[in-house]
Amino acid sequence: MLIVGLTGGIATGKSTVSAILKEKNVAVIDADTISRNLVDHDRQVQRGILKAFGPSVFNDDGTHVERDKLGEIVFADPEKRKVLNRIVHPIVFRRIVVQILRNFLSGQAIVILDIPLLFESRTMLWFVSDVIVVSCSPEVQLSRLLKRNPDLSRDAALSRIASQMPLADKVARATIVVDNEADGNFAGLAEQVDACLELLRAKAARRFRLVVALCTCALVGLAVVVHQFTLL
């Protein structure tokens, strides 16, 4: 099984690429979805957030984390962001590993790990053989972020972008780069995803043949050893 990382900067279009992959029946494990579900429903995570950030990030009756309020705090303060990551990331990691194992047992040839902070967190880099980075220019990225979050000020948007590794650094470390500069060019984006899948499927097939060859050699070697023992 080939495990591939998918990442990018905020508002570069990574989620759109992830959706295209899902439409093509590729297994995608979405770290953001796992994280949101934990913040919304996991009592252990909510207790950790309450202890670290206080009741001000919860709704009036204290039963639900207001993610917008929490986001304002952690995007403005790197130390607070680290605190939140220490609460959430270990559980996200465990759930990703479980989903990887499930996909392996179900016979998936390729599994995509959709992780916004793949390079920043580093942990999951040990699992992936390739990394797809979805990229666009800084101007387009800022424009999309402001359009997606109309209540966000320009300074706040720039702060959120700056909270992540520079996109140029991610592109430099990528195995495959998907260019999502043009807004609304869904067909062009889908073509790039098809090209990515063609490369990845070829690599997965080569890896499968290698594993089969190694297993065959191991079985032949074992058979020879057993045969030698029977002659003694």
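This briefing describes the fold, confidence, salt bridges, cysteines, surface and backbone features of one protein chain. The model is predicted, and the mean pLDDT of the chain is 91. Its secondary structure comes to 10 helices and 5 strands. The structure contains 8 salt bridges and 0 disulfides.

**Confidence**

- A pLDDT of 70 or more is reached by 97% of the residues in the protein chain.
- Confidence is highest in strand 2 (residues 27–30), where the mean is 97.
- The lowest confidence falls in helix 10 (residues 186–231), with a mean of 81.
- Several features described below involve helix 10, including Asp194, Lys203 and Leu219.

**Overall architecture**

- The C-alpha trace of the protein chain extends about 80 × 45 × 30 Å along its principal axes.
- Of the 232 residues in the chain, 40% are buried.
- Among contacts with a separation of 6 or more, 73% join residues that are 24 or more positions apart.
- The protein chain exposes about 13500 Å², and carbon and sulfur atoms supply 58% of that area.

**Salt bridges**

- Lys24 and Asp194 form a salt bridge through their side chains, with an N to O distance of 2.8 Å. This pair links distant parts of the chain, 170 residues apart: Lys24 belongs to the loop between helix 1 (14–23) and strand 2, and Asp194 to helix 10.
- Both partners in that bridge are partly exposed: Lys24 has a relative accessible area of 28%, and Asp194 has a relative accessibility of 35%.
- A salt bridge also joins Lys203 to Asp130, whose closest N and O atoms are 2.9 Å apart. Because Lys203 lies in helix 10 and Asp130 in strand 4 (residues 130–135), the pair ties together parts that are 73 residues apart in sequence.
- In this second pair, Asp130 is buried, at 6% relative accessible area, whereas Lys203 is partly exposed, at 25%.
- The side chains of Glu79 and Lys82 meet in a salt bridge with an N to O distance of 3.5 Å. Here both residues lie within helix 5 (residues 78–105), 3 residues apart, which is about one turn of the helix. Lys82 is partly exposed, with a relative accessible area of 45%.

**Cysteines**

- With 0 disulfides in the structure, Cys136 is unpaired, and the nearest cysteine sulfur, that of Cys196, is 16 Å away. A disulfide requires the two sulfur atoms to be within 2.5 Å.
- Cys196 is likewise in no disulfide, the nearest cysteine sulfur being that of Cys136.
- Both side chains belong to buried residues: Cys136 has a relative accessible area of 7%, and Cys196 has a relative accessibility of 8%.

**Surface**

- Leu219, Leu222 and Val226 make a nonpolar surface patch of about 300 Å².
- Within this patch, Leu219 is placed in helix 10. Leu219 counts as exposed, at 58% relative accessibility.
- Glu23, a residue of helix 1, is also exposed, at 59% relative accessibility.
- A separation of 28 Å lies between the C-alpha atoms of Glu23 and Gln164, which are 141 residues apart along the chain.

**Backbone geometry**

- Most residues other than glycine have a negative phi.
- Ala11 has a positive phi of about 70 degrees although it is not a glycine. The residue is found in the loop between strand 1 (2–8) and helix 1, and Ala11 is buried, with a relative accessible area of 10%.
- Asn25 also has a positive phi, near 65 degrees, and is a residue other than glycine. Its place is the loop between helix 1 and strand 2, and Asn25 is exposed, with a relative accessible area of 67%.
- The loop between helix 1 and strand 2 therefore holds Asn25 as well as Lys24, the salt-bridge partner of Asp194; Asn25 is exposed, while Lys24 is partly exposed.

Terms used: Residues numbered from 1 in each chain as written. Heavy atoms only, no water. pLDDT = per-residue confidence, 0-100. Helix = DSSP H or I, 4+ residues; strand = E, 2+ residues; numbered from the N terminus. Buried < 20%, exposed > 50% of the residue type's maximum accessible area, 1.4 Å probe, protein only. Patch = residues over 30% accessible without salt bridge, like charges linked within 9 Å, V, L, I, M, F, W, Y side chains within 5 Å. Areas by Shrake-Rupley, 256 points an atom, 1.4 Å probe, with all protein chains shown as cover. Salt bridge = Lys/Arg side-chain N within 4 Å of Asp/Glu carboxyl O. Contact = heavy atoms within 4.5 Å.
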